[in-house]
Amino acid sequence: MEVTQVLLNAQSIDGTVRKNAEESLKQFQEQNLPGFLLSLSGELANEEKPVETRKLAGLILKNALDAKEEHRKFELVQRWLSLDGNAKSQIKAGLLKTLSSPVSDARSTASQVIAKVAGIELPHKQWPELVGSLLSNVHQLPAHAKQATLETLGYLCEEVSPDVIDQDQVNKILTAVVQGMSASEGNTDVRLAATRALYNALGFAQANFSNDMERDYLMRVVCEATLSPEVRIRQAAFECLVSISSTYYEKLAPYIQDIFNITAKAVREDEEPVALQAIEFWSSICDEEIDILEEYGGDFTGDSDIPCFYFIKQAIPALVPMLLETLLKQEEDQDQDEGAWNIAMAGGTCLGLVARTVGDDIVPLVVPFIEENVTKPDWRQREAATYAFGSILEGPSPAKLIPLVNVALNFMLSALTKDPNSHVKDTTAWTLGRIFEFLHGSAVDSPIITQANCQQIVAVLLQSMKDTPNVAEKACGALYFLAQGYEEVGPSSPLTPFFQEIVQSLLTVTHREDARESRLRTAAYETLNEVVRCSTDETAPLVLQLVPVIIMELHNTVEGQKLSSDEREKQSELQGLLCGCLQVIIQKLGSSESTKYLFLQYADQIMGLFLSVFACRSATVHEEAMLAIGALA
């Protein structure tokens, strides 16, 4: 069988040709597995063959060794282990030979396949000579083969667990990797492959990080690589630092000042991918310290008993100003882009983690920045000030924050309706939501929401729900936490007078033409559910009136009209939301005898609708309907 032609056909634009090729590959594999795998590794190793068939051959080989699904993976591992030894040796020899191919796609594919084979064989004490033969490659080969070998070592460390490779070999791998990273290595590709390999090898370096001299050396090499002229190497080196910060947190003390200087310079001056990793280092240190402090709680006697180095507490006089600067580097339309991630967002996220780590100490460092920028004519300064405020609301004590919120609340309500910039309004609504989430509710002693300002807050949020989808979505979120804070207020809720209007506004939002943008429709239903869940007996008759409305909406989605697949997806999303809404209503009305009796008139009709929802082919919708049926039952 001429495998090259079949592999070319398998990539044909003609569907029939493609299907036939896939079929013959499948037959070949079923009839003669060793021959099939050998011909694939032969194709990958053959320099005469076209690059696209070599790459596909390697990919099929890799998929013959590994699968995402555990059960299938186990089958493939057993299949490889029971393969004829001679065939396996030939395949492995072909793979190792491919590492010195001049074609980079072939080398890279071979690296990945070697790591998959090693992942199967090394735990079974097979292929013991692999690491040795890779290491001998690193020292004498042309640069492209060195690069491929380092890449293979990196993938290998990713595939196998640290206990599979003995310490002597680990030391040799680290030595080779560190040599490949050093500035004396003239070839950029080799240095990049080495830096990425170190990232994967860090988990193997426990013993080395426990030895002062070796740790100093490793840290120096990583820090030097953060200054490389090549941006991808700098990024990979900062990724190593991020990984070290969580894996070897307790070993960082001697280096933390130098790392601060390196990260600060990168955040201020370097390209975005590098700066993002430099910020990520501090976010990662925050995560470590938050975990330690939460785990040890308030019950440690002396600080010596607690393995926290308080790196963040010591760094905040310099760290917080650096993070505040990043907030001014917004992108023009990031508020519209759901997947956006940039320096300003990373800086704000890190600031929020710092606030959770150090609590009250952050407040005096951030307040001057807010006061200085929140009224400036440039939208970037107003947005950054608002974002800074929103970021520090979780962590510091209510006693420290409530006086600030009392001063800021009116200003923010006015900005939410009147600021000319959509981005500022988006962040303002988000910040209000955070105020209501952390500083409003039965647990907080001095309420920030009073009879005097409750009506204004509701009016502003309902007004804001008519704004662009991203702003409206954040306004729904704020209303969600506003309602949640009144969950345990007794027979009468301050929101009772506005209940009808709130529900009506939320239903109006769900019917907006653009309700699918920025998750707006989902947010509106989630908020409606929370408003219903936290409502009191006084508004039960209004909740009851909502039942036929939602029934009608759900009825309209199950009417069997022919829909395009996009329309169908939209419809099943809506069905899921409506079933979720009915579930909350059922639980609410079912929790008291008087409303339960009145609700029962709808029970048959609702059950019929839930059953017809099962005709829709979407597992999420089925799940929502099941939960609602459970509530009904």
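# A guided tour of two domains and three helix pairs

The domain assignment of the chain gives domain 1, residues 397-534, and domain 2, residues 545-632. The model on the screen is a predicted one.

**Stop 1: the two domains.** Select residues 397-534 and give them one colour, then select residues 545-632 and give them another. The centres of domain 1 and domain 2, taken over C-alpha atoms, are separated by 26 Å. How many residues of each domain are in contact with the other? On the side of domain 1 there are 13 residues, and they touch 17 residues of domain 2. Between them the domains bury about 1,300 Å², and 63% of this area lies on carbon and sulfur atoms. Next, show the side chains of Arg516, Tyr525 and Val532. These three supply 46% of the area that domain 1 buries against domain 2, more than any other three residues.

**Stop 2: helices H30 and H31.** Select residues 603-613 for helix H30 and residues 619-632 for helix H31. Two packed helices are described by the angle between their axes and the distance between the axes. Here the axes come within 9 Å and cross at roughly 155 degrees. Angles over 145 degrees count as roughly antiparallel, and H30 and H31 are therefore roughly antiparallel to each other. Their crossing is left-handed. Display Ala603, Ile606, Met607, Phe610 and Val613 of H30, which meet Val621, His622, Ala625, Ala628, Ile629 and Leu632 of H31. Of the residues in this contact, 10 are nonpolar, 1 is polar and none is charged.

**Stop 3: helices H14 and H16.** Move to residues 231-247, which form helix H14, and add residues 272-296, which form helix H16. At what angle do the axes of H14 and H16 cross? The angle is roughly 0 degrees, and the axes come within 9 Å. H14 and H16 are therefore roughly parallel to each other. The residues that make the contact include Arg234, Phe238 and Val242 of H14 and Gln277, Phe281 and Ile285 of H16. The contact of H14 with H16 divides into 9 nonpolar, 5 polar and 4 charged residues.

**Stop 4: helices H16 and H17.** Keep H16 selected and add helix H17, residues 311-326. The axes of H16 and H17 come within 12 Å and cross at roughly 140 degrees. That angle makes H16 oblique to H17. The crossing of this pair is left-handed. Show Ile279, Trp282, Ile285, Cys286 and Glu289 on H16, together with Phe311, Ile312, Ala315, Leu319, Met322, Leu323 and Thr326 on H17, for these residues make the contact. They divide into 10 nonpolar, 1 polar and 1 charged.

Conventions:
Residues numbered from 1 in each chain as written. Predicted model: local features only at pLDDT ≥ 70, side-chain atom pairs only at ≥ 80, totals over all residues. Heavy atoms only, no water. Axes fitted to C-alpha atoms, helices over the stretch in contact; angles between N-to-C directions. Helix = DSSP H or I, 4+ residues; strand = E, 2+ residues; numbered from the N terminus. Parallel < 35°, antiparallel > 145°, perpendicular 65-115°, else oblique. Left-handed = near helix turned anticlockwise from the far one by under 90°. Contact = heavy atoms within 4.5 Å. Nonpolar A, V, L, I, M, F, W, Y, C, P; charged D, E, K, R; others polar. Domains from an automatic or database assignment. Buried area = accessible area lost by both parts, 1.4 Å probe.
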